[in-house]
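Please find below my notes on this model, set out as numbered points for discussion.

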Amino acid sequence: MKREIIRLNEVDSTNDYLRRHGSVTDEDMTVVVADHQTSGRGQGTNTWESEDGKNLLLSILVRPWHTPTAFQFLLSMTGALALKDTLDAYTEGITLKWPNDVYWNDRKISGTLIETSLSRGHLKGCIFGIGLNINQLQFVSDAPNPVSLAGILGHEVDREEVLQQLLDNFERRYELLERGGAADISANYYMSLYRHEGFHPYEDADGRFEACIVEVGDNGTIVLRDSEGRFREYTFKEVRFIT
């Protein structure tokens, strides 16, 4: 894949930058990396805390013409697996928390905001906005469980080295998806899930319950089986992991 990397000292949001300027590039993959975001975003109204120059803040634009809109969560799986591939080289205990967080044990090390554009029932463009905690040691927001790679390892890590590994892993996983490897992507994602084995506590609009994960569909829904044997299917924000 042809790859273009745009490096910025400061930007409002790397996702917003690509939405404004992504149409001017025809590369297979366009990457924007910033040392600081003034309006870094997470899911919904959430923000992403990052100390200036300490972490990886980037967005990746690809044009997945062969992925139907109904299965766009496969792209989320692809990006999540690329992050896990990268972090696995540094530490054990990395899992993928549905729908789009990366965990080290019970603590969040990375989050992804994915934005898509559509054309004639297919995806015209997909932007992966990634915040990956690398060298930040103190977190002052109300995020409940953040951790960084340096906090895990006890020493700072070369951000550029992690970036290049992440882009290589993303490219490899994305090309697998484009070659028809959706089943492999989906299976790898399931096996990498946070709490994919055993019963654990969850909460939905009706209250708390215990359940095990049955599957995550290519459309992004998660299916749980509760302790009474009942199957429960949820979309984003309809169920919460209790830690």
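The points that follow take up the nonpolar cores, the cysteines and one pocket.

1. This is a predicted model, in which local features need pLDDT of at least 70 and side-chain atom pairs count only at pLDDT 80 or more, while totals for chains, interfaces and linings use all residues. Residues are numbered from 1 along each chain as its sequence is written, and side-chain values use heavy atoms, with hydrogens and water left out.

2. The largest nonpolar core has 55 residues, and those with the most contacts inside it are L58, I60, W98, L132, Y189 and L224. Helix α2 (residues 73-88) gives this core its largest share, nine residues. A core here is a set of buried Ala, Val, Leu, Ile, Met, Phe, Trp, Tyr and Cys residues joined through side-chain atoms within 4.5 Å, buried being under 20% relative accessible area with a 1.4 Å probe and protein chains only; helices are DSSP runs (H or I, at least four residues).

3. Leaving aside residues up to four places away in sequence, Y189 touches F73, M77, A80, L81, L96, W98, P99 and V216, contact being heavy atoms within 4.5 Å. A second, separate core of eight residues includes L8, V11, V32 and L61.

4. Zero disulfides are found in a search of the whole structure, a disulfide being a pair of cysteine sulfur atoms within 2.5 Å. C126 is buried at a relative accessible area of 0%, and C212 is likewise buried, at 9%.

5. The lining of the second largest pocket comprises five nonpolar, five polar and four charged residues, where Ala, Val, Leu, Ile, Met, Phe, Trp, Tyr, Cys and Pro count as nonpolar, Asp, Glu, Lys and Arg as charged, and the others, Gly among them, as polar. A pocket is an open set of points on a 1 Å grid over the protein atoms alone, where a 1.4 Å probe fits, with protein on both sides within 12 Å along at least five of seven lines, and lining residues have an atom within 4 Å of a point.

How values were computed. Buried < 20%, exposed > 50% of the residue type's maximum accessible area, 1.4 Å probe, protein only. Helix = DSSP H or I, 4+ residues; strand = E, 2+ residues; numbered from the N terminus.
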